Amino acid sequence: MKIGSETILLLKNFASINTNIVFKPGDCVSTISNAKNIFAKATIKESIPNEFAVYDLNSMLAMLTLMDNQEVEFTDKCLNVTSSAGRFEYYYSSPEIVTAAPAGEIEHIDVYKFKLTAEDVQMIMKAAAITGAPTVSVTNKNQSVILSVSDRKNDTAANFRKSLGTSFDNFDVFIAVENLKVIPDAYDVSVAKTPNGKAKFLYFKHESKQLQYWIAAEPGSVV
């Protein structure tokens, strides 16, 4: 089997969330951060034949990208990564020492939906880097919904703002910039909460691919 470049890019993104991962049989991959505040799930083009755990995903990806035209064989104990240059053997980790993502998805209620283009996501990330702001907020004030990259504890700090539209629902949700681990692309985004209202988050659903992120809101968020 060959592992395509699109899957490699996705797994590099997942490695930024958590270097631990458990692969399940099939074409669905998911990961969760050690703090349990970022959950991501995607469908890939390849089909994984067996379950196995990886402790250091970056190390495995380095082996998968070092050689051109590599073929990957999934054995019971390891990956065999082979090309004309030679062969790597990457042995699986014990499932007990890795953080496995939960099965299924997070059931949630969408309170407010909006779209972000790839350029929007890139701008948010650049704005955070330029201003040094620690949070990304989506807030409805006077029925005007604003996305802001700011320091919520300092009203005079440099910030970035983008108008998203209007809403009659009251909400003020903010996430840590360091948790915005999405691949810069186009998404349908929701201010969301679990049915019991205990968990609040920003939910990112890719516009055209089967890729989703649930990013937990910081304490003090209101939905």
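**Entry 1: getting my bearings**

A strand, as I use the word here, is a DSSP run of E with at least two residues, a helix is a run of H or I with at least four, and both are numbered from the N terminus. I also note that I am working on a predicted model.

**Entry 2: the three-strand sheet**

I started with E5, E6 and E7. In what order do the three strands lie in the open sheet? The order is E5-E6-E7, and the pairing is antiparallel. E5 covers residues 71-74 and E7 covers 86-91; these two stand at the edges with a single partner strand each, so one side of each has no neighbour in the sheet. Going from one strand to the next, the twist averages 20°.

Next I looked at how E6 and E7 sit together. E6 runs over residues 78-83 and pairs with E7 in the antiparallel sense, over six bridges. I picked out one bridge to find on screen: Val81 has Phe88 in E7 as its partner.

Then I checked for a helix on this sheet. H2, residues 57-66, lies across E5, E6 and E7. Its direction runs at about 165° to E7.

**Entry 3: the four-strand sheet**

I moved on to another open sheet, this one with four strands in the order E11-E10-E9-E12. Its pairing is antiparallel. Which strands are at the edge here? They are E11 and E12, and each of them pairs on one side only. Ignoring direction, neighbouring strands in this sheet are turned by 15° against each other on average.

I zoomed in on the middle of that order. E9, residues 135-141, pairs with E10 in the antiparallel sense over seven bridges. Val136 is the residue I used to find my place, as it stands opposite Val149 in E10. A helix packs on this sheet as well: H3, residues 118-131, touches E9, E10 and E11. The directions of H3 and E10 make an angle of about 45°.

**Entry 4: salt bridges**

How many salt bridges does the structure hold? I have nine down in my notes, and I followed up three pairs.

Glu105 with Lys41 came up first on my screen, with the closest N and O atoms 3.8 Å apart. The cut-off for a salt bridge is 4 Å, so this pair counts. Glu105 lies in the loop between E7 and E8 (109-116), while Lys41 is in E3 (residues 38-48), so the pair ties together parts that are 64 residues apart in sequence. Are the two residues buried or exposed? Glu105 is partly exposed, at 47% relative accessible area. Lys41 is buried, at 15%.

Then I turned to Asp188 and Lys115, whose side chains meet in a salt bridge at 2.5 Å, N to O. Asp188 belongs to E13 (residues 187-193) and Lys115 to E8, so this pair ties together parts 73 residues apart in sequence. Asp188 is partly exposed, with a relative accessible area of 27%. Lys115, at 54%, is exposed.

My last pair was Arg152 and Asp172, where the closest N and O atoms are 2.7 Å apart. Arg152 lies in the loop between E10 (144-150) and E11 (160-166), and Asp172 lies in E12 (residues 172-176), so the parts tied together are 20 residues apart in sequence. Arg152 is partly exposed, with a relative accessible area of 35%.

**Entry 5: the closed spaces**

I went looking for holes inside. There are two cavities of 30 Å³ or more, and the largest has a volume of about 100 Å³. It is lined by 13 residues, and the closest to its centre are Ile3, Leu11, Ile48, Met60 and Phe74. Which elements give two or more residues to this lining? They are H1 (5-17), E3, H2 and E5. The largest share, three residues, comes from E3.

I had met two of those elements already: H2 lies across E5 in the three-strand sheet.

**Entry 6: the open space**

Last stop was the largest pocket, with a volume of about 300 Å³. Which of its 16 lining residues lie nearest the centre? Thr139, Ser148, Ser150, Arg152 and Arg161 do. I recognised Arg152 from its salt bridge with Asp172.

E9 and E10 are the elements that give two or more residues to the pocket lining. E10 gives the most, with four residues. That took me back to the four-strand sheet, where E9 and E10 pair over seven bridges.

Conventions. Residues numbered from 1 in each chain as written. Predicted model: local features only at pLDDT ≥ 70, side-chain atom pairs only at ≥ 80, totals over all residues. Heavy atoms only, no water. Pairing = 2+ DSSP bridges. Axes fitted to C-alpha atoms, helices over the stretch in contact; angles between N-to-C directions. Contact = heavy atoms within 4.5 Å. Buried < 20%, exposed > 50% of the residue type's maximum accessible area, 1.4 Å probe, protein only. 1 Å grid on protein atoms, 1.4 Å probe; cavity = no way out; pocket = protein on both sides within 12 Å on 5 of 7 lines; lining within 4 Å. Points joined across faces, edges and corners; volume = space filled by probe spheres on them.
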